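Open the model in your viewer and keep the selection tool at hand. The tour below goes from stop to stop and says what to select at each one.

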Amino acid sequence: MSEAPENPLAKGLERLPVHPTVLVIFGATGDLAKRKLLPALYNLAHEGALPERFHLIGVSRREKAHEDFAAEAAEAIRSFSRREPDEKVLEALLAEAKYVPGTFDDESVYRGLKEQLDAFDEAAGQPLNRAFYLSTAPEFFPVIVEALGNEELTKAAGEREVRVIIEKPFGTTLAEAQDLNQRVLSVLDESQVFRIDHYLGKETVQNMLAFRFANSMFEPLFNRNFIDNVQITASEDIGIGTRAGYYDHAGALRDLVQNHMLQLLTLLCMEPPVDFSADEVRSEKVKVLHSIRPPHRDATFRARYGPGTAAGEDVPGYLQEDGVPADSHTETYAALRLHVENWRWAGVPFYLRTGKRLARKVTEIAVTFKPVPHLAFGSEGSVGVKPNQLIFTMQPNEGVSMSLGAKIPGTRMRIRPVNMEFLYGTAFMSQSPEAYERLIMDAMRGDATLFTRNDEVEAQWRIIDPVVRRWEDEAETLVEYPSGSQGPPEANELLLGDDEWRAI
């Protein structure tokens, strides 16, 4: 019987081996664990990507039996997995799942956790890697890390590696981020710390590096000589829902700009690294952040959504949402104009905007190239020659498109833009994995390329912290934009020259 021919589309999709690992999720009964982490683990198991020996331990406040935790985890996976679960795979994944109840500042929790970890080591006959995922409120991050250190759970032994994955937000000010870094690094080595930003797990985000550094036609154009401006948009069509307690303290600037959007900017602007090792990539990103000065007052704008219409229904404004104080000055829309002041990008404006209750949900980077120097074509009866644009779309449909000028069929030379488009869903044989799937695997493998380093976090805060403090000091009445709209027209004042915001 002849062997099946090799599928060329499968090349590069093979999985690298991972050392046997125990994953401990603090906050295992919380929303993030149910909606993202547990489904991600199932999908990794479904694809055979988890190590042959893998164990899960949940830690949370409520008392419950191991079996109850496994049953709740299975139900969460059935509800939120991107694929219909195979019951045999699901049962195998959770067959030995354990649960440790208690508050995160209770020493007995960590003694119970140590017993479970030691039992798994004994059953395996070898020390298993340990990965601690902190899916909790931010105030518990240093508490948990210090408690793990006190019980000596963060120490490597033999072949064992120990890693701690910390969710965002990593501080709410520069001072908080510095203090948190100091407390975490007093227990752990930087190589053990994985500060997660799920945007970096998206395929299109990583594909920006491939487009720039693996295609000779693009890299020579990524500089001030050819690029006119860059727009980074992260819009949502929903309101704050039940998150008023968190959101009214955070606001749009802290929630998305300080972390996700600055990360997108660094990946777009970084110089080619010597190699794609974690520290080389992150060092180039830090250089970009050091090139950005905090924006002046006239280069920042904030607003909040008012009543309007979304998905054909009337919706309330931000101040009418449950749990929002009547005197709140929290922004739900933030826009900035930044400049990367280095040789490559000097003079190119970078426009960042994010907002809730806008016309649609989209996250994209739009790179607008400079117009042609001489316009030989007439534009009568046509759109005319427009600058080329390269669009990286992270959601809702991951892909890359480019607008080009093309002749309209007919006897006259009339030009209009046309799109060349690449979508992950149609170009590859497999569905694009969820961001958390990639990031959990990288953390268990010890690859920190897509995680933020301590100096990177602090460099991001040095840009945003002055704006946060200025907005807190200036408690003026915020401009309101109708829910379901393109956002506040006043944000146009940030734009230079003839620049325009892309339609959302």
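Start by selecting Glu152, which is in the loop between H5 and S5. Helices (H or I, at least four residues) and strands (E, at least two) are DSSP runs, numbered from the N terminus. The phi angle of Glu152 is near 60°, a positive value in a residue other than glycine.

Before moving on, note that this is a predicted model, in which local features need pLDDT of at least 70 and side-chain atom pairs count only at pLDDT 80 or more, while totals for chains, interfaces and linings use all residues. Residues are numbered from 1 along each chain as its sequence is written, and side-chain values use heavy atoms, with hydrogens and water left out.

**Strand S5 and its neighbours**

Now select the strand that follows this loop, S5 (162-166). How many residues of S5 are buried? Five of its five are, where buried means under 20% relative accessible area, exposed over 50%, and partly exposed in between (1.4 Å probe, protein chains only). In a regular strand the side chains alternate between the two faces of the sheet. Colour Val162, Val164 and Ile166 for one side of S5, and Arg163 and Ile165 for the other; both faces are covered.

Add S4 (129-134) to the selection. S4 and S5 pair in the parallel sense over five bridges; strands count as paired if DSSP finds at least two bridges between them. Opposite Ile165 in S5 you will find Tyr133. Show helix H5 (residues 141-150) as well, and you have a right-handed β-α-β unit made of S4, H5 and S5. A crossover is right-handed if, with the strands pointing away from the viewer, the path from the first strand over the helix to the second runs clockwise.

Next, select S6 (193-195). S5 and S6 pair in the parallel sense over three bridges, and Val193 in S6 is the bridge partner of Val164. From S5 the chain passes through helix H6 (residues 174-185) to S6, in a right-handed β-α-β crossover.

Stay in the loop between S5 and H6 and pick Pro169. A cis peptide bond joins Lys168 to Pro169, with omega about 0°.

**The largest cavity**

Lys168 leads to the next stop, as one of the residues nearest the centre of the largest cavity; Phe170, Asn259, Thr452 and Val457 are the others. A cavity is found on a 1 Å grid over the protein atoms alone, as a set of points where a 1.4 Å probe fits but cannot get out. The structure holds four cavities of 30 Å³ or more, and the largest contains about 150 Å³ of space. Grid points are joined across faces, edges and corners, and a volume is the space filled by probe spheres set on the points.

The largest cavity is lined by 15 residues, lining residues being those with an atom within 4 Å of a point. Helix H8 (244-269) and helix H12 (454-473) are the elements that give two or more residues to this lining.

**Helix H11**

Select residues 435-445, which form helix H11; nine of its 11 residues are buried, so the helix is largely enclosed by the rest of the structure. Among the buried ones are Tyr436, Glu437, Asp442 and Met444. The buried residues of H11 pack against several elements, including S4, S5 and S6 from the earlier stops, and also helix H1 (31-46). After H11 comes Gly446, with a positive phi near 90°.

**Three single residues**

Select His55 in strand S2. His55 is buried, at 5% relative accessibility. Leaving aside neighbours within four places in sequence, its contacts (heavy atoms within 4.5 Å) are Thr21, Val22, Leu23, Glu96, Phe120 and Leu128.

Go to Pro101 in strand S3 (residues 98-101). Pro101 is partly exposed, with 25% relative accessibility. Its C-alpha atom is 5.3 Å from that of Arg61, although the two residues are 40 apart along the chain.

End at Leu390 in strand S14 (residues 389-395). Is Leu390 buried or exposed? Leu390 is buried, at a relative accessible area of 1%. Beyond four places in sequence, Leu390 touches residues including Phe218, Phe222, Ile365 and Met402.

Conventions:
1 Å grid on protein atoms, 1.4 Å probe; cavity = no way out; pocket = protein on both sides within 12 Å on 5 of 7 lines; lining within 4 Å.
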